[in-house]
There are 2 protein chains.
Amino acid sequence: MSKDVLMRPVGFVRSPYSETAQVPKGFGAQHEAEGTIEILPEYEPGLTDIEGFSHLYVIWVFDRSDRCELLGTPPTDTKPHGVFATRSPRRPNPIGLTVVRLIGRDGPRLQVVGLDMLDGTPILDIKPYLSSIPETDLRRGWLGEAEARRRSEA
Amino acid sequence: MSKDVLMRPVGFVRSPYSETAQVPKGFGAQHEAEGTIEILPEYEPGLTDIEGFSHLYVIWVFDRSDRCELLGTPPTDTKPHGVFATRSPRRPNPIGLTVVRLIGRDGPRLQVVGLDMLDGTPILDIKPYLSSIPETDLRRGWLGEAEARRRSEA
């Protein structure tokens, strides 16, 4: 019994980034890029009432990632970490996850802020962002440690 | 050029829920179920350093959902809403997203709290939860309105 699943894009990102090097990365990276998520016409009814949400989860495909690395060194550290402890594009399944702020909708097009995807990136799903873990409850592992080291060296 | 993507499970959920009806839903649903995410042995190096994170995103497959409904009425409302504005399992791509609290790791097994998946659910990806949108910045559309109506009727 195969548990493989075939996923099909429901839309595509229109973003100002055409190359990976243009996407802000590392410490203090701000994702304030504005752009559009264009849903394919046949899925437009699925956007009904989405206008009421301020923030959305966008689940997408790293379609220009060509391999998987189970251990990799992120731009914010000098040591390798497991792929499931990072946001590396080189994942077993090339799935990206981004929280965007919704600023408007024009039919099948969602105007959003906070994109970190390349132009043309395929979208698999959109979900409403309903609640947050309080920042004070978060521990952020190697990333928190790397940030603390950086502050102490500053 | 096909943009279809074949996804392959990297592990499976061990949860106390064997049927959908057992998963808490609707207003005030608490997801405090404890269980295990078991990563397949070949992906275990990808968990390196994950212990340092308090919370994780788990991306998984609604493998017992048999259809897609672009408009559906969720348990928390009497009106239909677009699938991208709900957490319905009947999605164009059957992808689920859950934030869990990590309480321990034993090799390829992550002990977590906050599961809302059925036992045996395939996992596609795990990512560290790094930051939150402040609750005061969130608007929650039809769900916020339904909650307000419910409070005024109480």
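**Exercise 1. Locate Asp49(A) in chain A, then decide whether Asp49(A) is buried or exposed.**

Welcome! Start with the chain trace: Asp49(A) sits in the loop that links β3 (33–39) to β4 (55–61) of chain A. Keep in mind as you work that this is a predicted model.

Next, count neighbours. Asp49(A) has 20 C-beta neighbours inside 10 Å, and a residue is buried if 20 or more lie there, so Asp49(A) counts as buried.

Finally, look at the backbone. The phi of Asp49(A) is positive, about 75°, although this residue is not a glycine.

**Exercise 2. Work through Asp49(B): which loop holds this residue, and what is the sign of its phi?**

In chain B, the loop between β3 (33–39) and β4 (55–61) holds Asp49(B). Its phi is positive, at about 75°, and again the residue is not a glycine. Asp49(B) is buried because 20 other C-beta atoms lie within 10 Å.

**Exercise 3. Classify Arg67(A) as buried or exposed, and find how far Arg67(A) is from Arg90(A) in space.**

First, place the residue: Arg67(A) belongs to the loop between β4 and β5 (71–72) of chain A. Then count: there are 8 C-beta neighbours inside 10 Å, and 12 or fewer means exposed, so Arg67(A) is exposed.

Now for the distance. Arg67(A) and Arg90(A) are separated by 23 residues in sequence, yet their C-alpha atoms are 5.6 Å apart.

**Exercise 4. Find which residues touch the most other members of the largest nonpolar core.**

The core has 64 residues, and Ile123(A) and Ile123(B) touch the most other members. Take Ile123(B) and set aside neighbours within four places in sequence: its contacts include Pro9(B), Val10(B), Phe12(B), Ile37(B), Val58(B) and Trp60(B). As background, nonpolar side chains tend to be buried together in soluble globular proteins.

**Exercise 5. Describe how chain A meets chain B, starting with how many residues of each chain are in contact.**

Begin with the totals: 55 residues of chain A contact 55 residues of chain B. On the chain A side, β1 (5–7), β4, β6 (81–82), β7 (95–106), β9 (122–128) and α1 (141–153) each supply at least two residues. The most come from β9(A), which gives six. Sorted by class, this side of chain A has 33 nonpolar, 10 polar and 12 charged residues.

To finish, check strand pairing across the chains. β1(A) and β1 (residues 5–7) of chain B run antiparallel and are joined by three bridges. Within this pairing, Met7(A) stands opposite Val5(B).

Methods
Residues are numbered from 1 along each chain as its sequence is written. Chains are lettered from A and ligands numbered from 1 in the order in which they are written. This is a predicted model: local features need pLDDT of at least 70, side-chain atom pairs count only at pLDDT 80 or more; totals for chains, interfaces and linings use all residues. Helices (H or I, at least four residues) and strands (E, at least two) are DSSP runs, numbered from the N terminus. A nonpolar core is a set of buried Ala, Val, Leu, Ile, Met, Phe, Trp, Tyr and Cys residues joined through C-beta atoms within 7 Å. Two residues are in contact if their C-beta atoms, placed from the backbone, lie within 7 Å. Ala, Val, Leu, Ile, Met, Phe, Trp, Tyr, Cys and Pro count as nonpolar, Asp, Glu, Lys and Arg as charged, and the others, Gly among them, as polar. Two strands pair if DSSP finds at least two bridges between them.
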